[in-house]
Amino acid sequence: MVSSNALRVLQWTAASGGLPADEITFAKILRDQGYATGLIGKWHLGLNCASAGDHCHHPQAHGFDSFLGMPFTMMGDCAQAELSEKRVVLERALGLWVQVSAVAALTLAARKLVRPAGSWAPVLGAALAAAALLAAARSVGRLIVLADCFLMRNRSIAQQPMDLEAASPLFLQEATSFLHRNKQRPFLLFVSFLHVHVPLVTTKDFLGRSRHGLYGDNVEEMDWMVGRILDTVDKEGLAERTLVYFTSDHGGSLESRLGSHQYGGWNGIYRGGKGMGGWEGGIRVPGILRWPGVLPAGRVIQEPTSLMDVFPTLVRLGGGQVPQDRVIDGRDLWPLLLGAAPHSEHEFLLHYCERFLHAARWHQRDRATVWKVHFATPIFQPEGAGACYGRGVCPCFGEQVRQHDPPLLFDLSRDPSESRILTPETEPRFHEVVGRVQQAVQQHQRTLSPVPQQLDTLRNVWRPWLQPCCGPFPLCWCREGGAQ
């Protein structure tokens, strides 16, 4: 799920890219082991391949029995917010063409008045083009909402456009229903919240409750939703046979800022943020596990682990087998969680920005040290800033990325904020550490094989024939229980 041309995610629901059919998810394996599997919330791993109803990338094609949520992701554009992913760029581009067409129409009309001979058709054509482009510029925001911001229940459109204010209670109701329906059998429930993501849609009961502004309000509402789900687990008598794992997919999005308002969260002492490839602020995320009677309460594990570890851990707990026909980068967390193993199985972790390796860490267990090596880092803007303000996310390659030779070295054990660069003069083991990490990188890269890049341009453009719609696009209007 990467590209080579700076596209970081799927740009449209009606793009053809997505999670390939030959990928094996933990949902597939657990479903085959007899688990009921459900997904609630965001998906953003593709939907269709060749037609608007083939659902080749749909969650139900990847192991989930049920799905209620957005096949795309939450965007500022879904709420017509000031922070925009696509609308503003498209409006500006269309506005420029409106001006070009209008100037062309006026120029042709003036020439026609000076030289009456000939047809008025070119003048009329340019004028009509300007009018059509103006209409498109004024309606593009609404069209984006219809195209990307809708809700699906299984393979049917339940709401188009999506009722953002009603999403939280609807998702809670669905989670409660799933737990009640499946309490007598093994189950996997994956709740992918819309929260702590621009546009920070928050119900009125939580607005103004946090001293950290709208972002804090949104966090508090998510916290309340987690609590309600855990309450249901407890009330249904499931607590002592249910593992709950709460985490995030990345650190705060520092570039999600407008004026003095920070919409993307903060990363505390950690440098950098979402999408930067190597800095700790984009990598370190909460990992909180709960299983009464099995996992000891209050225990803190400092070992480096990865979200890739979720796959083999859940597969093992569900009684399945990790696939043997491919390299699996994750490691089973269970011995570490139980205290049976003193260390994570990860000696090295590598951090990519798109397909470009930006950093790697080495857990040198015999010295209880975690080293971090940066091969490339984004150039923050403006000078002295801690992010790439003025753009949606820091780039992964090009002129705005600095290559380091020799690489930057940090000792995360003593300097988790990555504020003190180590050099051969300040760290006697500099060349030994960097050399060992580079050797591990080479070993890792030998395990890689080329795959189709699902986010490249050809798979990541809007295709009209792939657009889900309750009727002929853009006449899309659905509410659950009505048009489907």
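This short presentation describes the nonpolar cores and the strand pairing of one predicted model.

Good morning, colleagues. I shall begin with the annotated region. UniProt, in an unreviewed entry, places the feature "domain: Sulfatase N-terminal" at residues 15-319. Over that stretch, helix accounts for 37% of the chain and strand for 12%. The C-alpha atoms at the two ends of the stretch lie 36 Å apart.

Let me turn to the interior. As a general point, nonpolar side chains in soluble globular proteins tend to be buried together. In this model, the largest nonpolar core comprises 38 residues. Which residues have the most contacts inside this core? They are C78, L151, M162, F171 and L194. Two or more residues each are given to the core by β1 (36-42), β2 (66-70), α3 (121-148), α4 (167-181) and α5 (213-235). Helix α4 supplies the largest share, namely seven residues.

M162 merits a closer look. Leaving aside residues up to four places away in sequence, M162 touches M70, C149, F150, L151, A167, F171 and L194. Among these partners, L151, F171 and L194 are also listed with the most contacts inside the core. Apart from this core there is a second, separate one of 20 residues, and its members include L47, F311, L314 and C478.

I now come to strand β2, which contributes to the largest core. Is this strand mostly covered or mostly open? β2 is mostly covered, with five of its five residues buried. On the pairing side, β2 runs parallel to β1, and five bridges connect the two. One facing pair places I40 opposite L68 in β2. β2 also pairs with strand β3 (residues 151-153), here in the antiparallel sense and over two bridges. In that pairing, G69 has M152 of β3 as its bridge partner.

Finally, I move to another sheet. Four strands, in the order β10-β11-β12-β13, form an open sheet with antiparallel pairing. Which strands stand at the edges? They are β10 (348-353) and β13 (401-411); each has a single partner strand, so one side of each is left without a neighbour in the sheet. On average, and with direction ignored, neighbouring strands of this sheet are turned by 15° against each other. The partner of β13 is strand β12 (residues 369-378), and seven bridges join these two antiparallel strands. Within this pairing, P378 stands opposite V401 in β13.

That concludes the presentation. Thank you for your attention.

Methods
Residues are numbered from 1 along each chain as its sequence is written. This is a predicted model: local features need pLDDT of at least 70, side-chain atom pairs count only at pLDDT 80 or more; totals for chains, interfaces and linings use all residues. Side-chain values use heavy atoms; hydrogens and water are left out. A nonpolar core is a set of buried Ala, Val, Leu, Ile, Met, Phe, Trp, Tyr and Cys residues joined through side-chain atoms within 4.5 Å. Buried means under 20% relative accessible area, exposed over 50%, partly exposed in between (1.4 Å probe, protein chains only). Contact means heavy atoms within 4.5 Å. Two strands pair if DSSP finds at least two bridges between them. Axes are lines fitted to C-alpha atoms, for helices over the stretch in contact, and angles run from 0 to 180 degrees between N-to-C directions. UniProt positions are given in the numbering used here, feature names are shortened, and annotations may be inferred rather than shown by experiment.
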